[in-house]
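Me: I would like to go through this predicted model, domains first and chain pairing second. Short answers, please.

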Number of protein chains: 2
Amino acid sequence: MIDWDDIRFFLAVAQNGNVTAAARALNVNHSTVSRRIAALEEKHGVRLFERIPSGYEMTSAAEDIYQLALELEAKNQQISRRLFGQDSRLQGEINLTMPHDIFEYSLVNDFADFKEQQPKIQLNLCVGQGLKNLAAREADIAIRLTPAPPDYLIGKKIAQIQHGIYQSIKLEKSNSIPIIAWQNETQVPDWAKIHFENAHIAIRVDDLYAMYCAVKAGIGIARMPCYLPDTIANESVKRLPINIPLSNWGVWVLSHVDLRHTRRVRCCKDFLTERLIHKKTYFEGHRSHY
Amino acid sequence: MIDWDDIRFFLAVAQNGNVTAAARALNVNHSTVSRRIAALEEKHGVRLFERIPSGYEMTSAAEDIYQLALELEAKNQQISRRLFGQDSRLQGEINLTMPHDIFEYSLVNDFADFKEQQPKIQLNLCVGQGLKNLAAREADIAIRLTPAPPDYLIGKKIAQIQHGIYQSIKLEKSNSIPIIAWQNETQVPDWAKIHFENAHIAIRVDDLYAMYCAVKAGIGIARMPCYLPDTIANESVKRLPINIPLSNWGVWVLSHVDLRHTRRVRCCKDFLTERLIHKKTYFEGHRSHY
DNA sequence: AATCATTCGTGCAATAATGCACGAGTGATT
DNA sequence: AATCACTCGTGCATTATTGCACGAATGATT
């Protein structure tokens, strides 16, 4: 019988296109990957990858089993979640993910409290770009800004997000208003067109806190969720008295259904939910300085 | 990430009920199984088995993932078959299964020929009781006596099986005819009731060759597929001139769909099919001695 | 009650897998 | 053409896993 774990190596190489990157993803040395793939091919008398100078390329035999390997991975993840779902200890690791600004400007101190309450729970925080896959256990609990989370994630909606248009007192008047936009906004966004006759994009950013900094530096005005500027509450950054309809995005504290009984996850999730509810007014834009 | 191979150990213990038997099934030492289960439990903080004096008993946590583990096993088997399906070498192992009497009294010499033709192909023959699971790769090619094989097995129907009623010349006349029956026949079988007024079960057997031996020894008469007594062609065992309708069972040479392109499997299967077709008249009862 | 056949856990030695460090090959850049 | 950055394979030392042999515990049989 084939070692079931071999398919994990196979998938990593197939998805990363080379042994080195696969090894990094698997957290092992590249030679281990190289040797296990070679052994797998040997054992089955099938060539799975063509060794090209730039890396490994799937053969037709590999293509043939690739889809199945993905299904296998999904099943393994499911089992992993279910097992974790049975863990009733108030100790061990929890992987958390959230937008970094929420951590840095809203929750840091709360985390200090939690650490004191539950010293045996090891929190791993991931605030990197991109959403973590909770089904793959890349994270156990997520704080997400989203209109509606997928079915397999459960949790509480803390608040509906209110946006505002913010500006620094440093910003000088001019006939064309400089806008701070998002990377994916190719032209002047709608909110600017509606409220300003003349507007142009001054800079594009890919991060909310970067946007805030740009506003504060007087580079331009921006539409931001109120919670960030209002929490920081820097006197030079003011919200303009322009009404923006309530967003349909909410702040959610989420985890996978399969983890609903995992005690430490429950504990941490409840804690986060409670603390965020205290900050509800910030998310709803009731703390703005005009 | 959990070692996917751990679930293989989990399943073996769950299905065998104790570490020792699981180890035998996995072809490893019992201490390996014991330690891997312990490590799996440790890693996930979940108790999977209760250690009772007679072995290991699944906890509710184990029950929870058992079904998923089975699905995982099925996926692994599927991948294993697909990989094997890509093997185009005329060397390596082939696992064969068939009723032992077919091997011993019909095909032995043909196997000698095959071995000569393909010395690099290693045949593993399994003639034990019970059907092997071709989906689980317990066997690659099967010769089966069956009315209709399942969809996922493909192959050729060699012949339709003809049965006859056989008797030894040694058997003495009496007013009640002694019948040799199968284990699962609780009362005198239909064929006997139809053709004989007075019949009783003299002995029950669970194997065709055993049935033949019983007939030869004069213990009674029996309904057997013609191929066995006719191939052996012992003068003391005669077929009675009683017509029995053609059975709807056939002789099939089968393998899993996924192995249809595996060269050595194809080669061996074709060989077996050809040789069995030569013996078609035996299966159809045209070689009987009355 | 004593023996026997099971089960399983554990220390120790043999075996297998892994990481590390190096060198070779390829392609892009200077 | 030379350098750099990136691939990968391989020998060797280290580490992890496994098998073996033993003893303890339980339950059945004598």
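**Domains and chain pairing**

Reply: Start with spacing inside chain A. Taken over C-alpha atoms, the centres of domain 1 of chain A and domain 2 of chain A are 31 Å apart.

Me: How many residues does domain 1 of chain A give to the contact with domain 2 of chain A?
Reply: Contact here means C-beta atoms, placed from the backbone, within 7 Å. Domain 2 of chain A gives seven residues. The side of domain 1 of chain A has one nonpolar, two polar and two charged residues. Domain 1 of chain A gives five residues.

Me: Which element gives the largest share of the side of chain B that touches chain A?
Reply: 28 residues of chain B contact 28 residues of chain A. Two elements of chain B give two or more residues to that side: α1 (6-16) and α4 (60-84). The largest share is 15 residues, and the element is α4(B).

Me: How many residues of the side of chain B that touches chain A are nonpolar?
Reply: That side divides by class. Seven residues are polar and nine are charged. The nonpolar residues number 12.

Me: What relation links chain B to chain A?
Reply: A turn of 180° with a shift of 0.1 Å along the axis lays chain B on chain A. The RMSD is 0.2 Å. Therefore the relation is that of a two-fold axis.

Me: Which C-alpha in chain B is nearest the axis?
Reply: The distance from the axis is 2.5 Å. The C-alpha is that of Asp5(B).

Me: What percentage of the contact residues of chain B recur in chain A?
Reply: The same surface serves both copies. The share that recurs is 100%.

Methods
Residues numbered from 1 in each chain as written. Chains lettered and ligands numbered in written order. Predicted model: local features only at pLDDT ≥ 70, side-chain atom pairs only at ≥ 80, totals over all residues. Contact = placed C-beta atoms within 7 Å. Helix = DSSP H or I, 4+ residues; strand = E, 2+ residues; numbered from the N terminus. Nonpolar A, V, L, I, M, F, W, Y, C, P; charged D, E, K, R; others polar. Least-squares fit on C-alpha atoms with pLDDT ≥ 70 in both. Domains from an automatic or database assignment.
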